[in-house]
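Hi,

Here is the structure I promised to pass on. Have a look at it first, and then read on for what turned up.

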Amino acid sequence: MKRILYTAGMITGLLLSSCTSDFNEINQDPNGFLPEEVSAKYFLTEPLFKLFGPDRFPYWRAHLIHADRYAGHFTFGHHGSWWSDGLSYAYNAGYTDASWGWLEGAFGGIDNFLKLTNEGGQFENEYMYAIGLVTKSLFYQMYTDTFGMIPFSEAGVDGIVTPKFDSQAEIYKGAIADLDLAMQIIGDTERTGVGIDDVAENDVYCQGDLQKWKRLANTLKLRMALRANGAAGDDFSANAINQALAAPLLDDASGSVLMPKDTEITQWSSAAYGDIWHNFGGLGSKWTIGKVLIDYLRDNNDPRLAVYAKPAAGGDVTFTRPAEGEAATNFEARVNYIISLLDDAGADYSATGVGTDEVTISLASGQYIGQPSRLNGQTAPYANYNLFSTPSDMVIQPKMSGNMYPEIVMTSAEAYFLRAEAAVKGLGSDDAQLMMEKGIVEAMKVWGIGEGDAQTYIASAPLADITAGTVEEKLEKIAVQRWIANYTDGFEAWAVVRDTGYPAELAQGVSDLVLFEPGTLNGAYPQRMRYGTNVQTSNGSNYQTAVSAQGPDTQATKLWWAN
């Protein structure tokens, strides 16, 4: 990617330095670039990787602090953490502004690529334009599902500097229309062109395979339509679902759309979890894996357990009752809670001094134990880091030092799980159990787990069986499988919880204030992120109109499609 971005930077420099001259003339300059040396593909790479692998600032503040923890996959708040696990549940303008700024800013590169490749653009190419439309829809699904109403129909329109905020229903309709247009343009075409006009390796999602882009577009259409299905005023989802089910989706033949992590450019251009884990330094920057995720994996003998996480280090941990105050009063409650977590996990441990002022827990190493989400600052000293599982080496791998996890754009597993959901709801003609099984195989394939191990899991795990039970019980299992499969894609995993209400342990929020942090949500589950503070002044009138239509600008305000 380093060479690709360098070329893009050179062309960008030419464009910026020639505002008053025609770009075609620059192309003909023998001291510059020849026509056969320039292409819109050099403007594609950055918008793609910035959407799913941005620089360290938003990767830390948007992904790790917000989405991954709202999803319940990662937790702070262990005894040595710099951050309470109430962080982000208690609103913080700086962290939220970083999230808003990243997504608001990501639109510019996408919009620029669309204008360059559209009819009459400097690099007119209808197939590249189709890629841009799909990317725009990926962007808007993430953006609106994070904040709710946002600028869409007037965004990027020349002369409009304060665009209106569109409703989620309008955004979903518009994004699906863009996806339909992209699929129509692509048709049976396989590449965007030949030579310099083939996006090839500059396309870090599909490597220039237009038919894979088409399947990606249709799978995104199915996801959005199913999410919209049943929402107030929904008048389009049923038709969109049926259309999507009748056309090619991502499957076991096409494979998933994954973005390999870059191994050349720095964390200041495209980051990874390892850049935070290793470069921040010390125990304070480390985090653990959420209890709900570890429980589902461990209790169902899921082979992804050892790929997603490492076992707790174990060892001896001693807790001593403080002399006075709240901490002394609730000492026993907090110690007993930690012991109950070990019991729930079936852990091999011993505890001495229970019921006295000093309790020692001795935990055998090599066991998978998850840390509950949202532990408050008073409980954190009892949540010893060595008692809980941490991310696997592949997830926290430093750059340029070994195999790293890929960024999930859209998996073939997602397509199968969506087909299973549709079938359970009486939409389409797929066999729900077969789709469930295929989804599990594809989900495990992303993490290098073979079909044999996947089939063993399918044959034995109750979580993989939807042949019996009520409709709601079947939908719960599908939702949980989707949530597990979206590990490291916190934004989509968080959306699954809000849309379906599963896993219920997360969606129900917290109520025991001795143990947990209620935040500014009063214990409720976060439904959205607040708008960035800058938009309240830069586009204040439209911001106020959006708040009046959508509800208060708080984390508790449910989105249009939320359960």
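Let me start with the open space. The lining of the largest pocket takes at least three residues from domain 1 (40–277 + 402–550) and at least three from domain 2 (278–392). Before you load it into anything, keep in mind that this is a predicted model.

That pocket has a volume of about 340 Å³. Its lining counts 20 residues, and those nearest the centre are V292, P372, S373, E505 and F516. Three elements give two or more residues each to this lining: α11 (291–299), α14 (331–344) and α20 (504–507). If you care about the chemistry of the wall, the split is 10 nonpolar, five polar and five charged residues.

Now the closed spaces. Searching the whole structure gives four cavities of 30 Å³ or more. The largest of them holds about 110 Å³ of space. Its lining is made of F52, L138, Q141, M142, D145, T146, R223, V409, D489, F491, E492 and R498. Two elements, α6 (126–147) and α19 (490–500), give two or more residues each to that lining. Which of them gives the most? That would be α6, with five residues. By class, five of the lining residues are nonpolar, two are polar and five are charged.

The second largest cavity comes to about 80 Å³. Around it you'll find L51, F52, H63, W102, M142, E407, I408, T488, D489, G490 and F491. Here the elements with two or more lining residues are α3 (45–52), β11 (407–410) and α19. The class count for this lining is six nonpolar, three polar and two charged. If you compare the two lists, F52, M142, D489 and F491 turn up in both.

Since α3 came up, a word on how it sits. Six of its eight residues are buried, so α3 is largely enclosed by the rest of the structure. The buried ones are T45, P47, L48, F49, L51 and F52. Two of these, L51 and F52, also line the second largest cavity.

On to the rings. The aromatic pairs come to 41 in total. One of them joins W102 and F491: the ring centres are 5.6 Å apart and the planes meet at 50°, so the pair counts as tilted. W102 belongs to helix α5 (residues 93–117) and F491 to helix α19, so this pair ties together parts that are 389 residues apart in sequence. W102 and F491 are both buried, and both are on the lining list of the second largest cavity.

F139 and Y143 make another tilted pair, with 5.1 Å from centre to centre and 45° between the planes. This one stays within helix α6, where F139 and Y143 are four residues apart, about one turn of the helix. F139 and Y143 are both buried too. They also belong to a cluster linked by ring pairs, made up of W100, F107, F139, Y140, Y143, F147, F152, F165, Y531 and Y543.

There are a couple of charges over rings as well. The charged end of R498 is placed over the ring of W494, 3.7 Å from the centre; R498 is also one of the residues lining the largest cavity. R227 lies over the face of W561, with 5.3 Å to the ring centre.

Last, some backbone details you may want to look at before setting anything up. Y502 and P503 are joined by a cis peptide bond, with omega at about -5°. P503 is in the loop between α19 and α20.

Which residues have a positive phi without being a glycine? Q207 has a phi of about 55°, and so does N522. Q207 is in the loop between α7 (168–186) and α8 (210–228), and N522 is in the loop between α20 and α21 (535–538). At 41% relative accessible area, Q207 is partly exposed, whereas N522, at 70%, is exposed.

One more loop residue: G282 lies between α10 (273–279) and β5 (288–289). With 45% relative accessibility, G282 is partly exposed. From G282 to A240 the C-alpha distance is 50 Å, with their positions 42 residues apart in sequence.

Cheers

Terms used
Residues numbered from 1 in each chain as written. Predicted model: local features only at pLDDT ≥ 70, side-chain atom pairs only at ≥ 80, totals over all residues. Heavy atoms only, no water. 1 Å grid on protein atoms, 1.4 Å probe; cavity = no way out; pocket = protein on both sides within 12 Å on 5 of 7 lines; lining within 4 Å. Points joined across faces, edges and corners; volume = space filled by probe spheres on them. Nonpolar A, V, L, I, M, F, W, Y, C, P; charged D, E, K, R; others polar. Domains from an automatic or database assignment. Phe/Tyr/Trp six-rings, centres within 6.5 Å; stacked < 30°, edge-to-face > 60°. Buried < 20%, exposed > 50% of the residue type's maximum accessible area, 1.4 Å probe, protein only. Lys NZ or Arg CZ within 6 Å of the ring centre and 35° of its normal.
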